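Welcome to this short briefing. Please have a look at the sequence and the fold below, and then we can walk through them together.

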Amino acid sequence: MVNYATAAIDKTSVLRGLVSTKRVPLGSEVYNRLLETLYDEAAALDERRFDDWVAYLEQDLSYTAPLRLTRNGPNKDRDVVRTMKHFDENYGSILMRTGRLAKSAWAEDPPSRTRRFVTNVRVAESETAGEYEVVSYLYVERSRLDNPDNETISAERRDIWRLVDGAYKLASREIIVDQSTLGMSNFAIFL
């Protein structure tokens, strides 16, 4: 069992990138379909098509962003704190947030203009049949109000995508933000 805690100094419990060793080859049908799904998901969010985005989500969804610390010395690789999070969402809370954003949410009125760039996609088979571990890098540019300076954020996303009735659905997403001090005024957007 993988220890996801950050307190232990033992480096074997530091979670980095893919956990599974059953890589899905680049260019295979499974890889291409998951890559297309990630691109379509990003477009749905950039275009504020929240109903379309929610259609990609499984009802047992876990959607989290743990905190990031800057550490040095023997603990320098133990920089993700999973006991404290920027957000810890599930399917119900996502539905509530998207409902507010579709009408009028104070933090997003007027709405941000965003561009999500999804890169460095790696895919592996999960231990559960029909589930795939997908690790990707995310870069988001966000324009707010009339400010000429965009806000940016970069992160690694660690997902579990599940094949359901011929389509891939997001069952789990952990977002490891690269910044320990956020470069965005709020997290009113989805990553």
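Which side chain meets Glu 151 in a salt bridge? The partner is Arg 142, at 3.4 Å from N to O. Glu 151 and Arg 142 are both buried. Before going further, please keep in mind that this is a predicted model.

**Overall make-up**

- The protein comes to three helices and six strands, and from the N terminus on these elements run α-α-β-β-α-β-β-β-β.
- Of its 191 residues, 46% count as buried.
- Among contacts between residues at least 6 apart in sequence, 65% join residues at least 24 apart.
- The exposed area is about 10400 Å², and carbon and sulfur atoms supply 51% of it.

**The sheet**

- The six strands form an open sheet with mixed pairing, in the order 2-1-6-5-4-3.
- Its edges are strand 2 (80-90) and strand 3 (113-125), each of which pairs on one side only.
- Neighbouring strands of the sheet are turned by 25° against each other on average, direction ignored.
- As general background, strands of a sheet pair through backbone hydrogen bonds, either parallel or antiparallel.

**The hairpin of strands 3 and 4**

- Strand 3 pairs with strand 4 (residues 131-143) in the antiparallel sense, over eleven bridges.
- Two partners in strand 4 help you trace the register: Tyr 132 is the bridge partner of Glu 125, and Val 134 is the bridge partner of Val 123.
- Five residues lie between the strands of this hairpin, and Gly 130 takes a positive phi near 85° there.
- Asn 120 is found in strand 3, and its phi is near 50°, a positive value in a residue other than glycine.
- Asn 120 counts as partly exposed, at 48% relative accessibility.

**Helix 1 and what surrounds it**

- Helix 1 (residues 29-46) lies across strand 3, strand 4, strand 5 (151-164) and strand 6 (167-177), and runs at about 160° to strand 3.
- With 18 residues, helix 1 reaches 26 Å from its first C-alpha to its last, close to the 26 Å expected at 1.5 Å a residue.
- The buried residues of helix 1 are Tyr 31, Leu 34, Leu 35, Thr 37, Leu 38, Glu 41, Ala 42, Ala 44, Leu 45 and Asp 46.
- A general point helps in reading such a list: an α-helix has 3.6 residues a turn, so residues three or four places apart point the same way.
- The cover over the buried residues of helix 1 includes helix 2 (50-54), strand 3, strand 4, strand 5 and strand 6.
- Just after helix 1 comes Arg 48, with a positive phi of about 60°, although Arg 48 is not a glycine.
- Arg 48 lies in the loop between helix 1 and helix 2, and is partly exposed, with a relative accessible area of 27%.

**Salt bridges**

- The count of salt bridges comes to 15.
- Side chains of opposite charge can pair when their charged atoms come close.
- One of the salt bridges joins the side chains of Arg 162 and Asp 60, at 3.1 Å from N to O.
- This pair links distant parts of the chain, with Arg 162 in strand 5 and Asp 60 in strand 1 (residues 57-68), 102 residues apart.
- The two partners differ in burial: Arg 162 is buried, with a relative accessible area of 19%, whereas Asp 60 is partly exposed, with a relative accessible area of 47%.
- Arg 82 forms another salt bridge, with Glu 174, and their closest N and O atoms are 2.6 Å apart.
- Because Arg 82 lies in strand 2 and Glu 174 in strand 6, the pair ties together parts that are 92 residues apart in sequence.
- Arg 82 counts as buried at 15% relative accessibility, and Glu 174 is buried too, with a relative accessible area of 13%.
- Salt bridges that share partners join Arg 82, Arg 122, Glu 156, Arg 158 and Glu 174 into one network.

Note on methods:
Residues numbered from 1 in each chain as written. Predicted model: local features only at pLDDT ≥ 70, side-chain atom pairs only at ≥ 80, totals over all residues. Heavy atoms only, no water. Pairing = 2+ DSSP bridges. Helix = DSSP H or I, 4+ residues; strand = E, 2+ residues; numbered from the N terminus. Axes fitted to C-alpha atoms, helices over the stretch in contact; angles between N-to-C directions. Contact = heavy atoms within 4.5 Å. Buried < 20%, exposed > 50% of the residue type's maximum accessible area, 1.4 Å probe, protein only. Areas by Shrake-Rupley, 256 points an atom, 1.4 Å probe, with all protein chains shown as cover. Expected span 1.5 Å × (residues − 1). Salt bridge = Lys/Arg side-chain N within 4 Å of Asp/Glu carboxyl O.
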